[in-house]
Amino acid sequence: MDLVKDYLRSQQFFKVYYDEPLAKHTTFRVGGRAKILVFPETKQKLIDLITFLKTNKIPFKVLGNGSNILPSDNDYEGVIIKPHLALNNMQVIDEYVNVDAGYSLVRLAYEMIKYELTGLEFLGGIPGTIGGACFMNAGAYNREMKDCLIEVHYLDQDGNLTVSNAKDLQFGYRSSIFQKERPLLIIKALLKLERGNGKEIKELLEKRRNRRLLTQPLDYPSAGSTFRNPEGTHAYMLIDKAGLRGKRIGGAMVSEKHCNFIINVGGASSRDIRDLIEFVIEEVYKVTKITLVPEVEFFNW
Ligand SMILES: Cc1cc2nc3c(=O)[nH]c(=O)nc-3n(C[C@H](O)[C@H](O)[C@H](O)COP(=O)(O)OP(=O)(O)OC[C@H]3O[C@@H](n4cnc5c(N)ncnc54)[C@H](O)[C@@H]3O)c2cc1C
């Protein structure tokens, strides 16, 4: 790590944190400490840093808003990179939106009111970034990223700058080629929307926001839906059928309000959450013979 510290110092990275709790950077509010966590200030510094780490075989992980990640309680002996400062531009030309990977999904959805472009209202309640949404093919209300994505710019596993047509990114339900062929960095996306009416877009966003507030336990830390919906059914129904609504392990609990949400009701460890996830999988299988698959990603276990 001294090598990285020297590099960061010599290249004048300013927003660098040592032994930084990942609990501050995940929506579950759990996780061990990262040896180094850095917000590169420019795109060039970000790419140079990734090239440096790759060349020197130093482990690193790019995090968006940490809203789909469950890191272990162990410390991470690598570098966490947050691209929020370096990749935070958005540009609209006609119906096309060119947006950097660090850009907030909620902010983007609301920005579209003033441009009177419709098609991104589904992102209004998803607290991630464009990078995480391309990685996950995030979606809601029967719409997903792939429905409006034209192309994605990224650094492939070997560090080559690549531009892929969305059709080639193997998007499926909460899945993409990025989950198999881990790119080093998703840089930006080009989206195509449709002309709409600003007032109607705003109303739809507000309606859905109110619906989420009513149906989701947004007052507790979580990573949204914990499990993928199995083909033809809903994970929350199966969890309910298994009698797990309100089930608790340590500070982790199956939400009473929406039982596909596992929430941190205070002081949960990552282990509590993972144990509860595994318990739910076992119990749901006993009752329904269906194996639930987590939607959240386990990191550094
Ligand atoms: C309250 C709540 C509600 C939610 N509702 C929904 C919903 O309705 N629909 C839905 O699909 N999801 C939902 N989610 C889950 C989550 O917000 C999405 O999966 C989101 O797309 C994750 O984005 P992120 O930036 O937080 O990614 P992170 O959790 O930070 O990262 C996820 C993965 O993407 C990778 N990644 C992120 N950015 C980059 C990048 N620039 N380059 C390379 N790799 C990158 C990370 O390394 C990691 O592997 C919800 C979460 C919460 C907490």
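**Domain layout, ligand shell and a helix pair**

The chain divides into domain 1 (2-81), domain 2 (90-214) and domain 3 (235-299). The model is predicted. The centres of domain 1 and domain 2, taken over C-alpha atoms, lie 24 Å apart. Contact between these two domains involves ten residues of domain 1 and ten residues of domain 2. On the domain 1 side, helix 2 (residues 43-55) makes the largest contribution, with four residues. The side of domain 1 that touches domain 2 contains six polar residues, three nonpolar residues and one charged residue.

The ligand was examined next. Its surrounding shell holds 32 residues. The closest of them are G64, G128, G131, G132 and G224. Domain 1 (2-81) and domain 2 (90-214) each provide at least three residues of this shell. Several secondary-structure elements take part. Strand 3 (60-62), helix 4 (130-136), strand 9 (139-140) and strand 13 (185-192) each supply at least two residues of the shell. Helix 4 gives the most, with five residues. By class, the shell around the ligand has 17 nonpolar and 13 polar residues. Two charged residues complete the shell.

A helix pair was then considered. Helix 3 (residues 105-115) packs with helix 6 (residues 198-215) at an angle of about 155°. The axes of helix 3 and helix 6 are 7 Å apart. Angles over 145 degrees count as roughly antiparallel. Helix 3 and helix 6 are therefore roughly antiparallel to each other. The crossing of helix 3 past helix 6 is left-handed.

Residues from both helices form this contact. Helix 3 contributes A109, Y110, M112, I113 and K114. Helix 6 meets these residues with G198, I201, K202 and L205. Six residues in the contact of helix 3 with helix 6 are nonpolar, one is polar and two are charged.

Taken together, the results describe two kinds of contact and a ligand site. Domain 1 meets domain 2 through a side that includes four residues of helix 2. The ligand shell draws on both domain 1 and domain 2, with helix 4 as its main contributor. Helix 3 and helix 6 pack with their axes 7 Å apart.

Conventions
Residues numbered from 1 in each chain as written. Predicted model: local features only at pLDDT ≥ 70, side-chain atom pairs only at ≥ 80, totals over all residues. Axes fitted to C-alpha atoms, helices over the stretch in contact; angles between N-to-C directions. Parallel < 35°, antiparallel > 145°, perpendicular 65-115°, else oblique. Left-handed = near helix turned anticlockwise from the far one by under 90°. Contact = placed C-beta atoms within 7 Å. Nonpolar A, V, L, I, M, F, W, Y, C, P; charged D, E, K, R; others polar. Near = placed C-beta within 6 Å. Domains from an automatic or database assignment.
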